[in-house]
Amino acid sequence: MNHRGIEFTVAKTAIPGIWQWQFRIGELIKTGKTETKIDLLAIRRVQRRIDRELKAIGRDTA
């Protein structure tokens with residue numbers, strides 16, 4: 001999937017309701033897990049995380 005030009009993945013784990021995600025911004029690779037039964041909510045949470053990381057990078061370079 002793609003959000004704001006950042007490729008990311010969200011995948012179910014063996015544990016019901018747990019999703020594993022990963023994205024990369026430049027050399028920075030972020031991974032994690034989120035808990036929800038709704039796949040679209042898991043995707044939205046990763047998109048929000050990407051937004052936060054992009055905002056933080058913008059502050060660091062300003």
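Which side chain meets that of glutamate 53 in a salt bridge (3.6 Å, N to O)? The partner is lysine 30. The model is a predicted one, and the report below starts from its overall layout before returning to this pair.

## Overall layout

The chain has one helix and four strands. In sequence order these elements run β-β-β-β-α, with helix α1 covering residues 39-61 and strand β4 covering residues 28-35. Along the principal axes, the C-alpha atoms fill a box of roughly 40 × 20 × 15 Å.

The chain has 62 residues, and 29% of them count as buried. Its exposed area is about 4600 Å², of which carbon and sulfur atoms supply 52%. Among contacts with a separation of 6 or more, 29% are between residues 24 or more positions apart.

## The network around glutamate 53

The salt bridges in the model come to four. One of them is the pair of glutamate 53 and lysine 30, at 3.6 Å from N to O. Glutamate 53 lies in helix α1 and lysine 30 in strand β4, so this salt bridge ties together parts that are 23 residues apart in sequence. Glutamate 53 has a relative accessible area of 14%; because buried means under 20%, this residue is classed as buried. Lysine 30, at 22% relative accessibility, counts as partly exposed.

Glutamate 53 also forms a salt bridge with arginine 49, and here the closest N and O atoms are 3.5 Å apart. Both residues belong to helix α1; they are four residues apart, which means a separation of about one helical turn. Arginine 49 counts as partly exposed, with 26% relative accessibility. Through shared partners, the salt bridges join Lys30, Arg49 and Glu53 into one network.

## Leucine 28, a further neighbour of glutamate 53

Leucine 28 lies in strand β4. Not counting residues up to four places away in sequence, leucine 28 touches Phe23 and Glu53. Leucine 28 and glutamate 53 are 25 residues apart in sequence, and their C-alpha atoms are 9.9 Å apart in space. With a relative accessibility of 36%, leucine 28 counts as partly exposed.

Glutamate 53 therefore has a salt bridge to lysine 30 of strand β4 and a contact with leucine 28, which lies in strand β4.

## The salt bridge of arginine 24 and glutamate 27

Another salt bridge links glutamate 27 to arginine 24, with 3.7 Å between the closest N and O atoms. Glutamate 27 counts as exposed, at 70% relative accessibility. Arginine 24 is partly exposed, with a relative accessible area of 43%.

Glutamate 27 and glutamate 53 can be set side by side. Glutamate 27 is exposed, whereas glutamate 53 is buried.

## Glutamine 47

Helix α1 also holds glutamine 47. Its relative accessibility is 18%, so glutamine 47 counts as buried under a limit of 20%. Apart from residues up to four places away in sequence, glutamine 47 touches His3 and Phe8.

## Surface patches and charge

Which residues form the positive surface patch? The patch is made of Arg44, Arg45, Arg48 and Arg52. Arginine 52 is found in helix α1 and, at 48% relative accessibility, counts as partly exposed. For the chain, the mean position of the 13 positive charges and that of the 7 negative charges are 6 Å apart.

A nonpolar patch on the surface is formed by Ile38, Leu40 and Leu41, which together have about 280 Å² of accessible area. Leucine 41 lies in helix α1. At 32% relative accessibility, leucine 41 counts as partly exposed; because residues in patches need over 30% relative accessible area, this value meets the cut-off.

How values were computed: Residues numbered from 1 in each chain as written. Predicted model: local features only at pLDDT ≥ 70, side-chain atom pairs only at ≥ 80, totals over all residues. Heavy atoms only, no water. Patch = residues over 30% accessible without salt bridge, like charges linked within 9 Å, V, L, I, M, F, W, Y side chains within 5 Å. Areas by Shrake-Rupley, 256 points an atom, 1.4 Å probe, with all protein chains shown as cover. Lys, Arg positive; Asp, Glu negative; His and termini not counted. Charge placed at Lys NZ, Arg CZ, Asp CG, Glu CD. Helix = DSSP H or I, 4+ residues; strand = E, 2+ residues; numbered from the N terminus. Buried < 20%, exposed > 50% of the residue type's maximum accessible area, 1.4 Å probe, protein only. Contact = heavy atoms within 4.5 Å.
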